[in-house]
Number of protein chains: 2
Amino acid sequence: MDAAHLLGVIALMLAGAKLFGGLAQRIGQPAVLGELLAGVLLGGSLLGVVNTHDHVLHFLAELGVVILLFEIGLETDLVRLVAVGTASLAVAVVGVFLPFVLGYGLCLLWGLDNIAAIVAGVTLTATSVGITARVLSDLGRLREPESQIVLGAAVIDDVIGLIILTVVAGMAAGAEVTFGGIASITGIAFGFLIVTLGVGTFVLPRVLNLTRHVDLPGTATIAAMIIALGLAWLADSAGSAMIIGAFAAGVLLAKTPQAKEIEHGVASIGHFFVPLFFVMVGAAVDLSVLNPLDPANLGTLTIGSLLIIVAIASKFAAGYAPFWLHRRKAVIGVGMIPRGEVGLIFAQMGLASGILDKGMFAAITLMVMTTTFVSPPLLRWLLPPSKKPHPIERPGGIDDLVTESK
Amino acid sequence: MDAAHLLGVIALMLAGAKLFGGLAQRIGQPAVLGELLAGVLLGGSLLGVVNTHDHVLHFLAELGVVILLFEIGLETDLVRLVAVGTASLAVAVVGVFLPFVLGYGLCLLWGLDNIAAIVAGVTLTATSVGITARVLSDLGRLREPESQIVLGAAVIDDVIGLIILTVVAGMAAGAEVTFGGIASITGIAFGFLIVTLGVGTFVLPRVLNLTRHVDLPGTATIAAMIIALGLAWLADSAGSAMIIGAFAAGVLLAKTPQAKEIEHGVASIGHFFVPLFFVMVGAAVDLSVLNPLDPANLGTLTIGSLLIIVAIASKFAAGYAPFWLHRRKAVIGVGMIPRGEVGLIFAQMGLASGILDKGMFAAITLMVMTTTFVSPPLLRWLLPPSKKPHPIERPGGIDDLVTESK
């Protein structure tokens with residue numbers, strides 16, 4: 001696609017996101033639900049405007065989720081995140097173990113061979129932190145303890161997901177998977193997070209302070225973006241995930257004196273990029289697997305429905321893992337449900353390597369779609385929007401602040 | 001390149017742009033000069049970090065110049081632009097005719113054949129509106145009559161440049177060039193601008209007003225971005241240039257009640273994208289043609305120097321075309337000098353089709369480089385920075401406004 005055509009597609013993606021996001025909010029749903037629906041509408045199943053395989057669009061969407069996690073990090077208090085650390089860890093571990101075991105067992109019963117059942121089970125494990133964080137942000141509830149637990153668990157989940165991804169990729173390629181190999185991947189992934197947060201706490205505020213000497217508009221925001229993209233790249237190079245690096249950058253900059261200025265500047269950039277990510281997730285949905293009139297879909301719909309039940313029930317149960325807490329555990333459980341793009345990546349790998357057949361891939365797609373679309377309205381129902389939303393979520397954002405203070 | 005690597009490259013591009021932009025400003029030069037130098041440093045000639053052929057980076061840079069022209073449009077008063085229209089037209093026409101005739105003659109004398117001399121002459125014609133507009137914006141002088149004349153002339157120049165581009169592309173492909181064909185391209189290019197500005201004046205403010213019903217953060221900014229990208233796409237589809245569509249969108253939205261909010265939101269997005277464009281322009285510079293110790297470069301350096309003299313003198317003279325005006329015509333002339341990416345595109349086409357040899361291509365590259373780098377300091381010298389800069393150019397931008405109004 002040439003540049004002009006891409007600009008047209010991006011304009012349509014943003015217009016669809018804003019239109020359906022606005023409509024979703026009108027009927028009391030999180031805006032992200034509308035953005036996902038706009039993606040389904042613009043994707044290959046219906047209008048065919050958005051080609052999910054386009055290199056540039058794919059990168060813009062990745063940049064969108066990186067910026068989203070950076071924004072979420074900016075709103076996250078490291079001390080509070082560590083305070084709920086044990087609870088998050090319990091939710092994450094149970095939330096990986098339970099879906100995997102139940103999904104693996106179900107697929108064996110359904111007649112899949114061992115390795116196919118393993119891959120299918122794995123697609124049930126990873127939580128899409130992007131969807132949940134966005135919903136909590138839409139509802140103005142990002143700073144509540146339940147939200148912090150979900151956020152921490154989803155980040156740990158993503159780290160575990162990366163470890164599983166590496167192992168599954170090795171299995172798919174026919175390589176031998178050793179305990180030592182898994183241990184080293186695990187060490188690197190968690191090590192990156194701990195080292196970054198440890199070293200960054202001392203280094204980053206000083207780096208940011210240097211930019212005060214640069215007399216250019218938007219310097220603090222761009223310095224923050226440089227740090228976020230740099231840490232995202234570093235995280236990937238260290239065998240972790242880009243979004244974890246971006247999240248860490250946000251957490252580290254949240255305490256700096258420039259945090260408010262950065263938050264406002266990045267919000268404007270995010271308004272452009274973040275919807276592109278959710279529209280791309282929606283556009284990846286293949287509606288044809290849903291047609292019950294096609295007899296070929298009956299098996300897919302049956303195993304798909306069973307996977308949905310397992311996927312929802314097992315993550316919901318994981319919310320009750322920190323049994324010692326007096327918190328709304330249903331909120332935690334529902335927050336862990338959406339699989340989003342992570343589950344799709346696992347499934348795509350299984351399909352590409354021939355381990356999963358097309359029917360099974362379609363069933364997993366159905367499970368991912370349903371968990372992604374079911375969680376926003378459920379969370380909205382359990383957690384009504386906060387009366388006093390945080391500035392970043394407020395309509396008009398910074399401009400309201402300007403008007404108010406006049 | 002994978003997404004993580006690209007994020008790292010973008011982080012380095014932004015860091016280089018901010019560092020060298022800040023240094024340039026320290027020594028009293030426009031920031032854009034530093035951004036161009038950062039590009040030279042990161043490009044293939046030196047560090048090799050930025051690959052100018054990368055599909056994604058190329059698109060981000062194009063998006064950058066589209067957003068820049070949108071921002072420039074937002075600061076442009078249509079009434080004042082039309083008021084200086086005759087002067088702009090005179091500057092543009094003389095500024096295309098004179099460089100072409102002189103460059104064509106020089107190249108014939110140098111021994112080039114007729115078609116090669118035509119293509120070389122054509123590379124001297126188009127002004128890079130991006131460079132000049134950015135310098136005037138850096139100096140806080142965008143709203144002065146001289147600046148408006150340069151801006152108008154550069155836009156007309158770009159339209160003429162497109163017409164020439166289409167004709168040259170036809171010639172390079174060996175096609176017959178008819179008068180009717182040229183007339184139709186000309187009609188479409190100017191027709192788009194007139195129809196868009198005419199229809200848009202009535203339609204766009206109403207479209208923008210509809211977004212007031214959407215209760216989402218940053219809606220006016222994103223609606224404006226949708227309009228800008230949409231008009232850029234439409235301009236390209238209509239046979240005009242993307243940047244002209246984006247500029248028209250800016251001019252049309254400048255008068256709406258949401259203009260201030262849009263300006264601030266787009267400025268944050270621009271701080272991210274615009275430097276990527278200038279770094280990419282700098283990265284396209286091939287320093288090896290400058291080495292005087294290489295005997296192969298002597299002929300290149302000689303014809304290159306002659307082209308530079310013609311390029312600077314002819315555009316400078318074009319500034320005096322509106323002889324009836326009592327304005328600082330030297331400012332207008334200097335503002336028209338930079339050729340930037342437009343000249344490089346013409347030269348690249350000539351090289352690819354075999355009309356220009358490598359030495360001639362290098363000489364043209366040298367001319368484009370010099371005109372691009374010479375104009376910012378000259379403009380700065382003729383036009384000291386305004387004492388009271390416009391908010392968009394002020395360090396800190398919107399955040400200063402917040403602080404002030406508190």
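In the predicted model, the buried residues of helix α7 of chain B are B:V129, B:G130, B:I131, B:T132, B:A133, B:R134, B:V135, B:L136 and B:S137. This helix, which spans residues 129-138, is thus described as mostly covered, with 9 of its 10 residues buried. Just after α7(B), the backbone at B:G140 adopts a positive phi of about 70 degrees.

Helix α7 of chain B also contains a salt bridge, formed by the side chains of B:R134 and B:D138 with an N to O distance of 3.0 Å. The two residues are 4 positions apart within the helix, or about one turn. In general, an α-helix has 3.6 residues a turn, so residues three or four places apart point the same way. The partners differ in their surroundings: B:R134 has a relative accessible area of 10% and is buried, whereas B:D138, at 22%, is partly exposed. Because burial requires a value under 20%, B:D138 falls outside that class.

Over all chains, the structure holds 12 salt bridges. One of them joins the side chains of B:E75 and B:R143, at 4.0 Å from N to O. B:E75 belongs to the loop between α3 (55-74) and α4 (78-83) of chain B, and B:R143 to the loop between α7 and α8 (145-172), so the pair ties together parts that are 68 residues apart in sequence. With a relative accessibility of 3%, B:E75 counts as buried, while B:R143, at 31%, counts as partly exposed.

A further salt bridge in chain B connects B:D157 with B:K315, whose closest N and O atoms are 3.0 Å apart. This pair links distant parts of the chain, since B:D157 lies in helix α8 and B:K315 in helix α13 (residues 297-318), 158 residues apart. Both B:D157 and B:K315 are buried. In chain A, salt bridges with shared partners join A:E35, A:R134 and A:D138 into one network.

Contact between the two chains involves helix α10 (residues 219-237) of chain A and helix α1 (residues 3-26) of chain B, which pack at an angle of about 150 degrees with their axes 8 Å apart. The two helices are therefore roughly antiparallel to each other, and α10(A) passes α1(B) in a left-handed crossing. Residues of α10(A) at this contact include A:I222, A:L229 and A:W233, and those of α1(B) include B:L7, B:I10 and B:L14. By class, the contact comprises 11 nonpolar, 3 polar and 2 charged residues.

How values were computed
Residues numbered from 1 in each chain as written. Chains lettered and ligands numbered in written order. Predicted model: local features only at pLDDT ≥ 70, side-chain atom pairs only at ≥ 80, totals over all residues. Heavy atoms only, no water. Axes fitted to C-alpha atoms, helices over the stretch in contact; angles between N-to-C directions. Parallel < 35°, antiparallel > 145°, perpendicular 65-115°, else oblique. Left-handed = near helix turned anticlockwise from the far one by under 90°. Contact = heavy atoms within 4.5 Å. Nonpolar A, V, L, I, M, F, W, Y, C, P; charged D, E, K, R; others polar. Buried < 20%, exposed > 50% of the residue type's maximum accessible area, 1.4 Å probe, protein only.
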